[in-house]
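Me: Could you take a close look with me at one part of this protein? I would like a connected account of how it is packed.

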Amino acid sequence: MNHFFVAPEQITDGYCRITGPDVNHIRNVLRMKPGERIGVRDGISRSYICELTEIGSEEISARIVKTDEVGSELAARIYLFQGLPKADKMELIIQKSVELGVHEIVPMETRRAVVRLDEKKAESRCRRWNAIAESAAKQCGRLMIPRVSPVCRFAEAVRRAAAMERALIPYECADDMARTRGLIASLRPGMQIGILIGPEGGFEKEEVEMAAEAGIVPVTLGRRILRTETAGLAALSILMFQLEQ
């Protein structure tokens, strides 16, 4: 079944209205007809099974057949602060992070990041990254579309993460796996959790110290050094297992 997102106000009186690019996708790409069913999500907490009733050139109407309030979201909000990687690695990270339940992805500039984006290029990349997040959210059954925020500096990422109930920074020089396990076990539903991941070259020692001074805890992900596109996904997988209900 194909799934689509709408704003809550587009769901009224037992029907949902679909507008924008999804109209062309349903009408001309999928070539769907009245009577066929689709999945619809309101981007907050509910999903619906709907039966297409009218397919216009600018708007599609669908009758709600079933409502599901159980949902597919994790019980906590996880924010992935990702050091800018090279090439198309960011696209992979976004796609898989959405599948693993991330709430928001925050690209960040760090000292060792090779990629430097000017304002125009950063805006273009951000639009594409958000499109990838939306596509991944539809594919994996999310109730909301995780946001990919504009690129920020490391100091701003530290400030945001430090304001959360728990913030962790995986670091290859960190040790004490028992402590890391204890921190993971202490995570609870309803928390805001920040994870800071370095770029290909990792974090500089001074960056980790800055984060630690702000209350962000350095942790280990094991004895092996993980690539940037692996480290965040490994951390998210661990958190998903801990928080899934």
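Is the crossing of α2 and α3 left-handed or right-handed?

Reply: Happy to help, and please keep in mind that this is a predicted model. The two helices, α2 and α3, make a right-handed crossing. Their axes come within 8 Å and cross at roughly 35°. On the α2 side, the contact is made by Met-90, Glu-91, Ile-94, Gln-95, Val-98 and Glu-99. The α3 side brings Arg-128, Trp-129, Ile-132, Ala-133, Ala-136, Ala-137, Gln-139 and Cys-140. Sorted by class, this contact of α2 with α3 holds 9 nonpolar, 2 polar and 3 charged residues.

From here we can step out to the core. In soluble globular proteins, nonpolar side chains tend to be buried together. The largest nonpolar core here has 38 residues, and Ile-94, Ile-193, Ile-195 and Leu-239 are those with the most contacts inside it. Both α2 (89-99) and α3 (119-140) are among the elements that give two or more residues to this core, and so are β7 (77-83), α5 (177-185), β12 (192-197), β13 (217-219) and α7 (228-243). Ile-94 therefore appears in both pictures: it is one of the α2 residues in the helix contact, and one of the residues with the most contacts inside the core.

Leu-239 is worth a look too: leaving aside neighbours within four places in sequence, Leu-239 is in contact with Ile-78, Ile-184, Leu-187, Ile-193 and Ile-195. Apart from this core lies another, of 19 residues, including Cys-152, Ala-167, Ala-174 and Val-208.

Notes. Residues numbered from 1 in each chain as written. Predicted model: local features only at pLDDT ≥ 70, side-chain atom pairs only at ≥ 80, totals over all residues. Heavy atoms only, no water. Core = buried A, V, L, I, M, F, W, Y, C linked by side-chain atoms within 4.5 Å. Buried < 20%, exposed > 50% of the residue type's maximum accessible area, 1.4 Å probe, protein only. Helix = DSSP H or I, 4+ residues; strand = E, 2+ residues; numbered from the N terminus. Contact = heavy atoms within 4.5 Å. Axes fitted to C-alpha atoms, helices over the stretch in contact; angles between N-to-C directions. Left-handed = near helix turned anticlockwise from the far one by under 90°. Nonpolar A, V, L, I, M, F, W, Y, C, P; charged D, E, K, R; others polar.
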